[in-house]
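Me: I am new to this structure and would like a close look at a single part. Please describe the place where the two chains meet, and then add what helps in reading the chains around it.

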Amino acid sequence: MAVTKRIVLRFPRRLVERPIIYRLVKDYDLEFNILKASITPEQEGLLVLELKGNQKEYDKGIDFLIKAGVQIQSLSQDVTRNEERCTSCGACVTVCPTGAFRVDPKTREVLFDNTKCIACGLCIPACPPRAMEVHF
Amino acid sequence: MAKTIAEINEKIKEGKAVVFNAEEIIDVAREKGIKRAAQEVDVVTTGTFGIMCSSGAYFNIGHAKPRFKLGGGRAYLNDVPAYTGLAAADLFLGANALPDDDPRNRVHPGEFTYGGGHVIEELVAGKDVRLVATAFGTDCYPRKKLETLLNIKDLNEAVLFNIRNAYQNYNVAVNCSDKTIYTYMGVLKAQLGNANYSSAGQLSPLFNDPYYKTIGIGTRIFLGGGTGFVAWQGTQHNPGVPRTEKGIPKEGAGTLAVIGDLKQMNARWLVGTSVLGYGCSLTVGIGVPIPVLSEEILEYTAVTDADILAPVVDYSDAFPNLKPDILGEVSYAELKSGKIKVKGKDVPTASRSSYPRALEIANLLKEWIQSGKFLLTEAVQPLPGAESAVKVKPLNERPIEY
């Protein structure tokens, strides 16, 4: 069964110089799409990836990453909305490139579907009450 | 059938007033007809919840021992500068004020994470705020330095005083240029990438009383979760703009200056706001009750989003250069459909003001009136109307001769 998942990888300093992603492709036949990367030699690295492939191979690939010492978080949890601060104004709706925000046509409440979110971060400073939070 | 405000207040006290919000009244008027609806309904409640930049608050902090004079000195609340051109213990804080060390737009677009609006929100939420002030010292006010925590409950007065709120209509902002721009109307993507608007439309106070027949100086209102009053017409009040057949202004027109005791307000309705690339502000909740004194007034309150038109303005050129050009007019019904047509192109829309919160305000005000705890007031003086000579003028710049 084929799966597509978005994950956040955190590399400790010792792994930054190793070709980890290359192994995902070569050994587990996973297709990857880099959504966000900040890897500094000699420092910690952070990579937001979309991985596509066979479920079995995907699981093995993730297992390999964990064993190698990479910390993994599922991306959907990484951009969250502080419901207390959100006023449902709608400023985020047209800023989001993937349509993760939708206005309920009846109530005019702004709904956030974080499965569509690619964690690009554009909504974070564009939100007037700063209700969107990114956790890496 | 003409009713008076005194008669309506009697019904409110008896718990018998018939109240609808400005959304519900549309269907009530449709079902019952204007005449019957005007007889049966006493009050229509309106609401708006949006970024209102010309907002601020003044405080009296009490006298220090030994005495300290703020007036003519410098004062900061949580590092945000407050105005000290008043007497010894008075301060005014504007929603747009920024800390001296805020990088502003040095790296564009600036984030503006904390400013005057945020200080007001924190005070209202009951949080302690740091006051750091310096003065020159006098014989009667000897101290030169003051550093203390302040809490709203200890202040002698904490008063929200917004000199321009609740704009009657507003521009729809678009960007015709080739690069993204960061405006007070939000992030505007290049080549008509999006269109932002900012009004509660059919729920907004001044759309429901377009000729200011009931809303005037002294009108008691919902302000920031508490009660307040219309203090004056707002700055830039511009009642003489072109109107539709039903009297609805087709561009920014009337405005309100409002005042109220900050101590009884609530941070849900006064939210510190950051506008990317533009600055800090305050999002303010306002609700105005409209007494149904006549059929004419009822008819005004039955206004719908389809009746209200707003001008589409290019914020990459026409707006910054104060050109009158508009790219067309669209109704709030079209804006709320999610897209509008500009220059033949479908442009996705987004709101800057919150309709759900505006509705919540109108409903809260309705509850207050129904439960007898909010009485209506007669305006002490009307706002300048469409026939008045009050008009917004641009700045006439004149060279200074040295």
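Reply: What follows describes the interface first and some features of each chain afterwards. The model is a predicted one.

At the interface, 20 residues of chain A are in contact with 27 residues of chain B. Together the chains bury about 1,700 Å², and carbon and sulfur atoms account for 52% of that area. On the side of chain B, the residues that lose the most area to chain A are S274(B), R352(B) and P356(B), which together make up 24% of what that side buries.

Between chain B and chain A the count is one salt bridge. This salt bridge joins the side chains of E121(B) and R85(A), with a distance of 2.8 Å from N to O. Polar contacts also cross the interface: 12 residue pairs meet the rule, with both residues at pLDDT 80 or more.

Several elements of chain B supply at least two residues each to the side that touches chain A, namely β3 (48-51), β14 (195-197), β19 (270-275), β25 (345-351) and α6 (355-370). Sorted by class, that side of chain B has 11 nonpolar, 10 polar and six charged residues.

Within chain A, helix α1 (residues 20-28) and helix α2 (residues 55-68) have axes that come within 10 Å and cross at roughly 150 degrees. The crossing of α1(A) past α2(A) is right-handed. From α1(A), the residues I20(A), R23(A), L24(A), D27(A) and Y28(A) take part, and they meet E57(A), K60(A), G61(A), F64(A), L65(A) and A68(A) of α2(A). Six of the residues in this contact are nonpolar, one is polar and four are charged.

Also in chain A, R108(A) lies in the loop between β6 (101-103) and β7 (110-112). Its phi is near 65 degrees, which is a positive value in a residue other than glycine.

Over all chains the structure holds 24 salt bridges. One of them is within chain B, where R30(B) pairs with D27(B) and the closest N and O atoms are 3.4 Å apart. R30(B) and D27(B) are separated by about one helical turn, because they are three residues apart in helix α2 (residues 24-40) of chain B.

Chain B also has cis peptide bonds to proline. The bond from K65(B) to P66(B) is cis, with omega near -10 degrees, and P66(B) sits in the loop between β4 (56-60) and β5 (74-77) of chain B. The bond from H108(B) to P109(B) is cis as well, with omega near -5 degrees. P109(B) is placed in the loop between β7 (90-94) and α3 (116-124) of chain B.

Methods:
Residues numbered from 1 in each chain as written. Chains lettered and ligands numbered in written order. Predicted model: local features only at pLDDT ≥ 70, side-chain atom pairs only at ≥ 80, totals over all residues. Heavy atoms only, no water. Contact = heavy atoms within 4.5 Å. Buried area = accessible area lost by both parts, 1.4 Å probe. Salt bridge = Lys/Arg side-chain N within 4 Å of Asp/Glu carboxyl O. Polar contact = N/O pair within 3.5 Å; in protein donor to acceptor, adjacent residues only side chain to side chain. Helix = DSSP H or I, 4+ residues; strand = E, 2+ residues; numbered from the N terminus. Nonpolar A, V, L, I, M, F, W, Y, C, P; charged D, E, K, R; others polar. Axes fitted to C-alpha atoms, helices over the stretch in contact; angles between N-to-C directions. Left-handed = near helix turned anticlockwise from the far one by under 90°.
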